[in-house]
Amino acid sequence: MSASSSVKTGIQARMNRIEQRDRVKQSKTRKPINLLRWVILIACVLFAILILSPLFLMVLNAFKTSQDYTQNGPLSMPHELYFGGLVNFWKATDFPIKFWNSLWISVVSALLSVVLSLFNAYALGIGRVRGSSVIIALFMILTMLPGEGFIYPLFYMFNAVGMGNSQWTIVIICGIINMAFGTYLLSSVMSTFPKELLEAAQIDGAGRWRTLRDVVFPIMKSNCAVLFIFFFIWTWNEFYFTLIFLVSGDTQTIPLAIASLQGDRIMDVPTINAGSLISLIPAFVFFLIFQRTLTKGITAGAVK
């Protein structure tokens, strides 16, 4: 009994030494890893603060008076909450009309872009189209071209057909430009579409339209939702084409309303910040509503 107990004691002591040695090694390796994590976290927080600093300044100066802004500068806290800038922007720009114009232009243009992108990607990614890679490359070239390069032919063409001051002009232009990016994205996703599903639909007697409606679109619905959110925000913030084509006040959008507050020599900075804050709220609310759809669409297809 004494010999066996001594053997057990020796084995237990050796196991304790091994466990203690492993703990020392783990403590030595954990310290650099934890330190690196804290450094990365602090760097990310500082970078996020740097990105959000213009938004903070906009909110800070939206509730100042012009006198307070002139005397104390843009970095000072407002002495009192002044809502006159919001009221002035609302009245001076006829905000409800500008809001409705931006809303329906963005929604219709985004829907047009998504529908055209889905049809094009279905033909290029799943259909048997010769030279599909060349066509997709042409679509990518269209997205990289600056708008200033083809503004004159577009201006001449839409004025020739009587659409020089029409909101449908912005819908068509933004819809086609965004469609090029959507076609490239969806076609790359549809090129990896499971062929078994397409063959099963073909065996069941489904045509191309029914295959797109009942097989392809339910699977690509999340990707189309992501594109719709992107296209809506891009069209909502569009300024260049709206500046060229929308002349009268009853057809203009919110970005043009904000730009109209900047005069040649006089500029009311608090009112402009208040208008920028108001114009940001609808897009922000739209993003919050579809945030889950956006996250689901981005991760769709990542795991099969």
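Helix α1 is the top contributor to the nonpolar patch, giving 6 residues. Keep in mind that this is a predicted model.

What else feeds that patch? Two helices supply at least two residues each: α1, spanning 2-62, and α12, spanning 269-289. The members are Phe 47, Leu 50, Ile 51, Leu 52, Leu 55, Val 59, Leu 280, Phe 284 and Leu 288. The patch sits on the surface. Together these residues have about 850 Å² of accessible area.

Take one of them, Val 59. Val 59 lies in helix α1. Is Val 59 buried or exposed? Partly exposed, because its relative accessibility is 34%, and that category runs between 20% and 50%.

Now go inside. In soluble globular proteins, nonpolar side chains tend to be buried together. Here, the largest nonpolar core has 36 residues. Which ones touch the most other members? Val 114, Leu 118, Leu 186, Met 190, Val 216, Met 220 and Cys 224.

Many helices build this core. Those supplying at least two residues each are α1, α3 (84-92), α4 (95-126), α7 (167-190), α8 (195-203), α9 (208-236), α11 (254-259) and α12. Helix α9 gives the most, with 11 residues. Notice α1 and α12 again: they supply this core and also the surface patch.

Zoom in on Met 190. Set aside its neighbours within four places in sequence. What does Met 190 contact then? Leu 118, Ala 121, Tyr 122, Gly 125, Ile 126, Val 216 and Met 220.

One last stop. There is a second, separate core, with 14 residues. Among them are Trp 104, Ile 151, Leu 154 and Phe 158.

Terms used. Residues numbered from 1 in each chain as written. Predicted model: local features only at pLDDT ≥ 70, side-chain atom pairs only at ≥ 80, totals over all residues. Heavy atoms only, no water. Patch = residues over 30% accessible without salt bridge, like charges linked within 9 Å, V, L, I, M, F, W, Y side chains within 5 Å. Areas by Shrake-Rupley, 256 points an atom, 1.4 Å probe, with all protein chains shown as cover. Salt bridge = Lys/Arg side-chain N within 4 Å of Asp/Glu carboxyl O. Helix = DSSP H or I, 4+ residues; strand = E, 2+ residues; numbered from the N terminus. Buried < 20%, exposed > 50% of the residue type's maximum accessible area, 1.4 Å probe, protein only. Core = buried A, V, L, I, M, F, W, Y, C linked by side-chain atoms within 4.5 Å. Contact = heavy atoms within 4.5 Å.
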